[in-house]
Amino acid sequence: MLPRLPGCSERNPDVARSTSTADDEESQPLSPVVIMGTGLVGASIGCALTAVGEDVRLRDRYRSHAVVAAGLGAGSVEHPIPTSVHLVVVAVPPQAVPEVVDWALSHYRNAVVTDVASVKAPVLADLRTRGRDLSRYVGSHPMAGSQYSGPLTATATLFVDRTWVVARGTGNEASQRMVERLAVMCGAHVVHLDADEHDRAVAEISHMPQLMSSLTAARLRDVPASDLLLAGQGVRDVTRIAGSDPALWRQIITANSTEIGTQLRAIRGDLDRLIDQLDDPDAIADLVERGREGVAALPGKHGRKIGDMSAVVVEIPDTPGALARLFTDIQAQGINIEDLSIEHGLSREVGYLSVAVDAERAPDLRAAMVRAGWDLRS
């Protein structure tokens, strides 16, 4: 194995081990694990598993990617004895998943095989046409990632406290338990969904947001440069994920086109109504209110409603130590920071830190920040 380089942050092995149940301890060993595909997700799974002592072997179409992932601590590029492998994780681009899963079931004859593709029903349908015994195949999908790609972006904490879907109706009971154990060892919590249910859900909460972000960002190509200077945090928030990999999303959208089409037709109806009602103040207010209700429906930190929090926006100079001083002043008030984000000034070397706190404590924090000499943005 190559020496470990900075990149994959490590976790305390006791944290992951303590989440395992007694049944997990008595189940089939996880190691050795083969990870096929060493992009962000595959390499991050490798990092998470090696951090808790598992023996991980890495394979990739481009060996150099596997070597980089190994150097970051995601595992080893040495090939195991095929019959000794207990688990295979297929983390290749969506289009290649059925073929690679089929090959893995044949090559690693004693292993449970799971994939982490973001669409489940088409993969399962394709595998069924191949006529292979699928008792060792379990479809799964960790709901974690970013707009970045490649092994250099991998981190062992990518899946901590995130949802990992395990598809019902795939694999036998023992295979399901092994994939559940994989998710828990990576720090995730397991949710079971049918493949069709999963694909509908990800169309609603993942694929549609990606398309809406890309549509908004694409319009910016035609915006004059002088107008772009006015861009604030709103447009940056909406377009953040528009920087995602086009090749990957082409495959994802194509694979889930039926569910996404349903969502797009609903959006088209909303857009048509909005265009027709732009001169109707009540209709506009109703749309904005429905949007607020949608945001409020999203679960926040520890399951709290987002509406339970309020933002205090503080101007901070772009100088060493300013952020630490601000946090010290907040800590002195005994107020917990629930969330935060930062917007950078374009004309001045300042930032605007939005600190989300309990709504009942927000007035106290605002007053305390003013007393401490901080400027607030209303």
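1. Asp286 is partly exposed, with a relative accessible area of 40%. Its side chain meets that of Arg290 in a salt bridge, at 3.1 Å from N to O. Arg290 is partly exposed too, at 42% relative accessible area. Bear in mind as you read that this is a predicted model.

2. Why can Asp286 and Arg290 reach each other along helix H13? Both sit in that helix (residues 281–297), and because they are 4 residues apart, about one helical turn separates them. The general rule behind this is that an α-helix has 3.6 residues a turn, so residues three or four places apart point the same way. Add to that the plain chemistry: side chains of opposite charge can pair when their charged atoms come close.

3. Helix H13 has another pair worth a look, Glu289 and Arg292, this time 3 residues apart and again separated by about one helical turn. They form a salt bridge, with the closest N and O atoms 3.5 Å apart. Glu289 counts as partly exposed at 37% relative accessibility, whereas Arg292 is exposed, with a relative accessible area of 58%.

4. Some salt bridges share partners, and in this way Asp102, Asp126, Arg130 and Arg132 are joined into one network. If you want the overall tally, a search of the whole structure turns up 14 salt bridges.

5. Now for Asp55 and Arg57: is Arg57 buried or exposed? Arg57 is buried, with a relative accessible area of 15%; the cut-off for calling a residue buried is under 20%. Its salt-bridge partner is Asp55, and their side chains meet at 2.9 Å, N to O. Asp55 itself is partly exposed, at 31% relative accessible area. So this pair joins a buried arginine to a partly exposed aspartate.

6. Last, leave the charges aside and turn to helix H14, which spans residues 322–331. Which residues of H14 are buried? They are Ala322, Leu326 and Ile330. These three cover an arc of only 75° around the axis, and therefore lie on the same side of H14.

7. What covers those buried residues of H14? The cover includes two strands, E8 (309–317) and E10 (350–358), along with helix H15 (362–371). If you have the model open, bring up Ala322, Leu326 and Ile330 together with E8, E10 and H15 to see this part of the structure in one view.

How values were computed
Residues numbered from 1 in each chain as written. Predicted model: local features only at pLDDT ≥ 70, side-chain atom pairs only at ≥ 80, totals over all residues. Heavy atoms only, no water. Salt bridge = Lys/Arg side-chain N within 4 Å of Asp/Glu carboxyl O. Buried < 20%, exposed > 50% of the residue type's maximum accessible area, 1.4 Å probe, protein only. Arc of directions from axis to C-beta. Contact = heavy atoms within 4.5 Å.
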